[in-house]
Number of protein chains: 2
Amino acid sequence: MNTVGYLGPKSSFTEQAVKRVFIHNKRIAFESIFDCLDAVKNEEVDFGVVPLENTIEGSVTITLDYLIHEQSLPIVAEIIVPIQQHLMIHPNNESNEIKSIYSHPHALAQCRKFLYNHYPSVDQIQSLSTSGAAQFVANNPEIPIAAIANELAAEEYHLTVVDQNIHDYEINHTRFIVVCKKGREQELSISKEVSTKTTLIVTLPSDQAGALHQVLSAFAWRKINLSKIESRPMKTGLGRYLFIIDLEGTIESILITSAIHELEALGCGVVCLGSYPIIQK
Amino acid sequence: MNTVGYLGPKSSFTEQAVKRVFIHNKRIAFESIFDCLDAVKNEEVDFGVVPLENTIEGSVTITLDYLIHEQSLPIVAEIIVPIQQHLMIHPNNESNEIKSIYSHPHALAQCRKFLYNHYPSVDQIQSLSTSGAAQFVANNPEIPIAAIANELAAEEYHLTVVDQNIHDYEINHTRFIVVCKKGREQELSISKEVSTKTTLIVTLPSDQAGALHQVLSAFAWRKINLSKIESRPMKTGLGRYLFIIDLEGTIESILITSAIHELEALGCGVVCLGSYPIIQK
């Protein structure tokens, strides 16, 4: 049975993502994205799950930079999870009195309108993680406090959810990725019925106006859809950029491989971070 | 004298950015990006300074989403600050013994190689902010601990820097923006000698392949340089995107205004978040 490392702490949103794909596997929480990815690289775990887009726990920068510089860890799947925040208290708090609300700063931000409308005069106290906030409430039954965290944390720490889905925007998803050591891609079996995405890192031969336009031409005339494009500064200084481009489709498609070969002929650097199924439930 | 709000806590990297532009002004720290931007909107402060790109303290998502939905706060300047991390201890710690190192998770990540090479067996303890870590070291002279934080925090809390510039990548800048209430743009006077940038939010009329390519054509043939492009999901669900595009030049340029008018004629939504000088020292 494969083991799965993930960005902790326990009951994090990343663990929620893990549980959607790896149901019976042993899960190991890591303190940072680096530690988790290193564990995959050193084969201490078989798969790693980390956030790819900005989320409560992690920053896209860390994950992407690691994958760009450490290309031995292909992306083998993407997991899309709705981010649902709940307000929870200790079950002993029968009066439902709440004097302060604990959570990660980003979670407090995600529930800002709700807090403004329902708890305008309650103190908001920042914590390092949403599940850490839940744990703090569990450990302090004698004080009238609440935490904002996910369902998994409510279960883990036996808290009572008093307000469900308190995040301000109904549709709020986060992307997580599954990586493994190169050569072991086949060990993750996902139903073939889901759609596939290919992530490329493209560097331009020059900063001239229109270089990016030329790159996109290679995809546009072939009607290859871009589901994401992002420029990021290269570590060599401000103003020099690389592009992260997500394409709809698999790298086995003749259209995508031809486009990549042409970009390389034009002097672009192209690295494929993975061609992988999208898991969304 | 104008007052300036910024994302705190005191001695944050945002305060470092503020001090580069607003030397003698009164500075007020806010607990969150929202609180800071709200204070500008409600005219409790004259200017606000918040991070725009991922940084130690804040997420680009929060700042950009606020500006997109609250278009009454134009960007009036960008401040680019090198992120320099130092290792600091209490001046009473004369033996330089360090048993644990405190800092924000992102700062620990930025100094990962340094810590691995120089303090491999020292505990790393996460804190809510780099300056909070520095304050903790200042308040606990009796324990052999260190903090990773910036120079401002070392000064504020009278700590001794034992290792300077310990961040792994030499060139590591972060972008901060200055915003004000619409109509008060002229109150910030910046030397005319610096270069100017224009930030646009562009929404496409359809998700069809090539729509973005068409948008970029409007800039490419006019030789308008893009210094950044980023797609972000719209709050209406996954898969529908808006684009944040930074152009080199001012919106007063006839080339940029013509490009915008044409995009609107093609059915794109175009909003200008600001056309502003870049301050980099």
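Helices, here runs of H or I in DSSP with at least four residues, and strands, runs of E with at least two, are numbered from the N terminus. With that numbering, A:Pro9 sits in the loop between strand 1 (3–7) and helix 1 of chain A. Please keep in mind as we walk through that this is a predicted model.

Let's begin with chain A as a whole. Its secondary structure comes to nine helices and 14 strands, and its C-alpha trace spans about 70 × 45 × 35 Å along the principal axes. Of the 281 residues in chain A, 54% are buried. If you take the contacts in chain A between residues at least 6 apart in sequence, 75% of them join residues at least 24 apart. The domain assignment of chain A lists domain 1 (3–83 + 172–187), domain 2 (86–163) and domain 3 (196–280). Between the centres of domain 2 and domain 3 of chain A, taken over C-alpha atoms, there are 42 Å.

Now back to the loop we started with. The peptide bond that joins A:Gly8 and A:Pro9 is cis, with omega about 5 degrees. In chain B, the bond from B:Gly8 to B:Pro9 is cis too, and its omega is near 5 degrees. B:Pro9 belongs to the loop between strand 1 (3–7) and helix 1 (13–21) of chain B.

Following chain A onward, we reach A:Gln16 in helix 1 (residues 13–21). Is A:Gln16 buried or exposed? Its relative accessibility is 17%, and buried means under 20%, so A:Gln16 counts as buried. Setting aside neighbours within four places in sequence, A:Gln16 is in contact with A:Val81, A:Asn150, A:Glu151 and A:Leu152.

Backbone angles offer the next stop. A:Asn96 is not a glycine, yet its phi is positive, near 60 degrees. This residue, A:Asn96, is in the loop between strand 5 (86–89) and strand 6 (100–103) of chain A. With a relative accessible area of 45%, A:Asn96 is partly exposed.

Chain B has positive phi values to look at as well. Just after helix 2 of chain B, B:Glu43 takes a positive phi of about 60 degrees. Within helix 2 (residues 33–41) of chain B, the residues B:Ile33, B:Phe34, B:Cys36, B:Leu37, B:Ala39 and B:Val40 are buried. B:Lys223, again not a glycine, has a positive phi of about 55 degrees. The loop that holds B:Lys223 runs between helix 8 and strand 12 (226–233) of chain B. Exposed means over 50%, so B:Lys223, at 68% relative accessibility, counts as exposed.

Two other loop residues in chain B are worth a visit. B:Asn140 lies between helix 6 (130–139) and strand 8 (145–149) of chain B. Its relative accessible area is 15%, and B:Asn140 is therefore buried. The C-alpha atoms of B:Asn140 and B:Ala29 are 24 Å apart, with the two positions 111 residues apart along the chain. B:Val194 is in the loop between strand 10 (173–180) and strand 11 (196–203) of chain B. At 31% relative accessibility, B:Val194 counts as partly exposed. B:Val194 and B:Ile279 are 85 residues apart along the chain, while their C-alpha atoms are separated by 7.0 Å. Apart from neighbours within four places in sequence, B:Val194 is in contact with B:Pro277 and B:Ile278.

Finally, let's see where the two chains meet through helix 8. Two packed helices are described by the angle between their axes and the distance between the axes. For helix 8 (residues 211–220) of chain A and helix 8 (residues 211–220) of chain B, the angle is about 150 degrees and the axes are 9 Å apart. Because angles over 145 degrees count as roughly antiparallel, helix 8 of chain A is roughly antiparallel to helix 8 of chain B. Helix 8 of chain A passes helix 8 of chain B in a left-handed crossing.

Which residues in helix 8 of chain A meet helix 8 of chain B? They are A:Leu212, A:His213, A:Leu216, A:Ser217 and A:Ala220, and they meet B:Leu212, B:His213, B:Leu216, B:Ser217 and B:Ala220. The residues of this contact divide into six nonpolar, four polar and no charged. Helix 8 of chain B is mostly covered, with eight of its 10 residues buried. Among them are B:Leu212, B:His213, B:Leu216 and B:Ala220.

Notes
Residues are numbered from 1 along each chain as its sequence is written. Chains are lettered from A and ligands numbered from 1 in the order in which they are written. This is a predicted model: local features need pLDDT of at least 70, side-chain atom pairs count only at pLDDT 80 or more; totals for chains, interfaces and linings use all residues. Side-chain values use heavy atoms; hydrogens and water are left out. Axes are lines fitted to C-alpha atoms, for helices over the stretch in contact, and angles run from 0 to 180 degrees between N-to-C directions. Angles under 35 degrees count as roughly parallel, over 145 as roughly antiparallel, 65 to 115 as roughly perpendicular and the rest as oblique. A crossing is left-handed if the near helix is turned anticlockwise from the far one by less than a right angle, and right-handed if clockwise. Contact means heavy atoms within 4.5 Å. Ala, Val, Leu, Ile, Met, Phe, Trp, Tyr, Cys and Pro count as nonpolar, Asp, Glu, Lys and Arg as charged, and the others, Gly among them, as polar. Domain bounds come from an automatic or database domain assignment. Buried means under 20% relative accessible area, exposed over 50%, partly exposed in between (1.4 Å probe, protein chains only).
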